[in-house]
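Please look through the sequence and the structure shown below before reading on. The report that follows takes up aromatic rings, a charge beside a ring, and the packing of helices.

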Amino acid sequence: RHRILSGMQPSADSLHLGNYLGALVNWVRMQDEYDAIFFIPDLHAITVPQDPAELARRTRVTAAQYIAGGVDVDKCTLFVQSQVPEHAQLAWVLNCITGFGEASRMTQFKDKALRQGSEYASVGLFTYPILQAADILLYQPHGVPVGEDQRQHVELSRDLAARFNTRFGNTFTVPEPFIQKESAKIYDLQLPTAKMSKSAESPNGLINLLDDPKVIAKRIKSAVTDAETDIRFDRETKPGVSNLLTIYSAITGQTVDQLVAAYEGKMYGHLKVDLAEVVTERLTPIRDRANELLADPAELDRLLALGADKARAIASATLADVYAKTGFLPYA
Ligand code: TYM
C-alpha cells in the first residue's frame with residue numbers, strides 16, 4: 001500500500017470546520033486505502049509564542065479530535081511530533097541544504113511574519129517549512145494530503161528530497177502533494193472572502209468542533225450573506241451564501257445543485273436553520289467522544305506513546321541512512 005502523511009497544528013482550543021471538512025474527513029477516508037501516518041506538529045506550534053500549559057492541553061485536545069473525528073489508531077499511525085526526535089534531527093540536515101533565498105520565498109512565512117512584525121518573528125518561523133519537509137521525508141510517503149495553502153511547503157520538500165538524492169545518493173522518496181480539489185475550502189462566516197482560520201479576526205466567523213450547539217446555531221444564524229434573497233452559488237457576488245452551501249454539501253453529501261433546487265423560493269433564514277441542524281447533528285457525537293477521551297488523559301497519552309514508537313521505527317531508519325550518507329560517524 002502507498003503511504004500518506006499529514007498533520008494539523010495544535011494551535012487553538014479546537015479544530016474548526018475548515019480543518020474538519022477540508023482535511024480530517026479526507027484523512028479518515030484515506031486511512032482505509034493507504035498506509036496512513038497522522039501527527040500533531042507541536043514543534044511547529046512553538047514557532048510563535050505558546051503558553052506551555054496551553055500547548056500541552058491543546059496537543060491532547062487535537063489528538064482527541066483526530067480520534068473522535070474518525071482517525072483509527074489501529075488502522076494508522078498517530079503521534080505527537082516532539083516525541084519523535086528524528087524530526088528535529090533531520091530538519092537540521094535539511095536546513096543546511098536549503099538556500100537562504102529559497103527559504104525567503106515561502107509565502108506563509110511572509111504572511112505570518114508581517115502579521116507579527118518581522119522583527120518579532122522567530123528564526124523558527126523562518127525555517128518552519130524545512131521542519132515540515134523533515135516531517136514528510138522521514139517517512140518516505142508517496143503522497144501528502146493538504147489544502148492548497150500548504151502546496152508550496154510540499155513543493156519545497158520535493159526540491160529538498162531531489163537535491164539530497166542527487167548529492168548523496170538515492171535516499172528519499174519524492175512526495176506528491178495530494179491537494180484535495182473536490183474537498184471543501186471553508187470560508188470565514190463573517191468575512192466569507194477569507195478562509196476560515198484560527199487566527200480569524202472575530203470568533204463569530206468560526207465554527208469549532210468542540211463548540212456548544214447553541215453557539216454553532218447562533219454563528220450560522222448571524223453569518224454574513226448579501227442584500228439579495230435568492231439562494232444561489234456564486235463565489236464572486238454571493239460569497240456568504242456560497243460558503244453556507246459548500247458546508248451544507250460537504251456535510252450531507254448532497255451536491256450544491258441539488259441544494260439550490262431544494263431551496264428555490266425559500267429564504268436565507270430557512271437555509272441557516274437547516275444548516276445549523278445538520279452541522280450540530282454531525283459535530284455533537286464528535287464533541288462528546290472528544291470529551292470522553294479528554295476525561296482520561298493517561299489513556300490518551302498511552303495511545304500517543306504507542307504511535308510514537310511505531311513512527312520512530314520508520315523515522316530512525318531514514319535518519320540513520322541520512323547521517324551515514326552525510327558523513328557522520330556511526331554511533332557504536
Ligand atoms: P494547518 O494546521 O494550518 O492546517 C491543517 C490542514 O487543514 C487545511 N485547512 C483548511 N481546509 C479547508 N478550509 C479551511 N478554511 C482550512 N484551513 C486549514 C490545511 O490546508 C491543512 O491541510 N504546516 C501545516 C502542518 C504541517 C504539515 C506537516 C502538514 C506540519 N508538518 C507535514 C502536512 C505534512 C499547517 O500549518 O497546517
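## An exposed ring and its buried partner

In this predicted model, F100 has a relative accessibility of 66% and therefore counts as exposed, since the cut-off for that word is over 50%. F126, by contrast, has a relative accessible area of 16% and is buried, because buried means under 20%.

## Aromatic pairs

Across the whole structure, a search finds 11 aromatic pairs. In one of them, W27 and Y66 meet edge-to-face, with 5.1 Å from centre to centre and 85° between the planes. This pair joins distant parts of the chain, as W27 lies in helix α1 (residues 17-30) and Y66 in helix α3, 39 residues apart. Both W27 and Y66 are buried.

The rings of F100 and F126 also form a pair, which is tilted, with 5.1 Å centre to centre and 40° between the planes. Here too distant parts of the chain are linked, with F100 in helix α5 (residues 100-104) and F126 in helix α7 (residues 123-137), 26 residues apart.

Ring pairs also link W27, F38 and Y66 into a cluster. Elsewhere, a ring is accompanied by a charge: the charged end of K266 sits over the ring of Y263, 5.5 Å from its centre.

## Two helices that cross

The axes of helix α3 (residues 52-68) and helix α13 (residues 297-326) come within 11 Å and cross at roughly 75°, and α3 and α13 are therefore roughly perpendicular to each other.

On the α3 side the contact involves R60, A63, A64 and I67, which meet P297, L300, D301, L303 and L304 of α13. The residues of this contact divide into 7 nonpolar, no polar and 2 charged.

Definitions and conventions: Residues numbered from 1 in each chain as written. Predicted model: local features only at pLDDT ≥ 70, side-chain atom pairs only at ≥ 80, totals over all residues. Heavy atoms only, no water. Axes fitted to C-alpha atoms, helices over the stretch in contact; angles between N-to-C directions. Helix = DSSP H or I, 4+ residues; strand = E, 2+ residues; numbered from the N terminus. Parallel < 35°, antiparallel > 145°, perpendicular 65-115°, else oblique. Contact = heavy atoms within 4.5 Å. Nonpolar A, V, L, I, M, F, W, Y, C, P; charged D, E, K, R; others polar. Phe/Tyr/Trp six-rings, centres within 6.5 Å; stacked < 30°, edge-to-face > 60°. Buried < 20%, exposed > 50% of the residue type's maximum accessible area, 1.4 Å probe, protein only. Lys NZ or Arg CZ within 6 Å of the ring centre and 35° of its normal.
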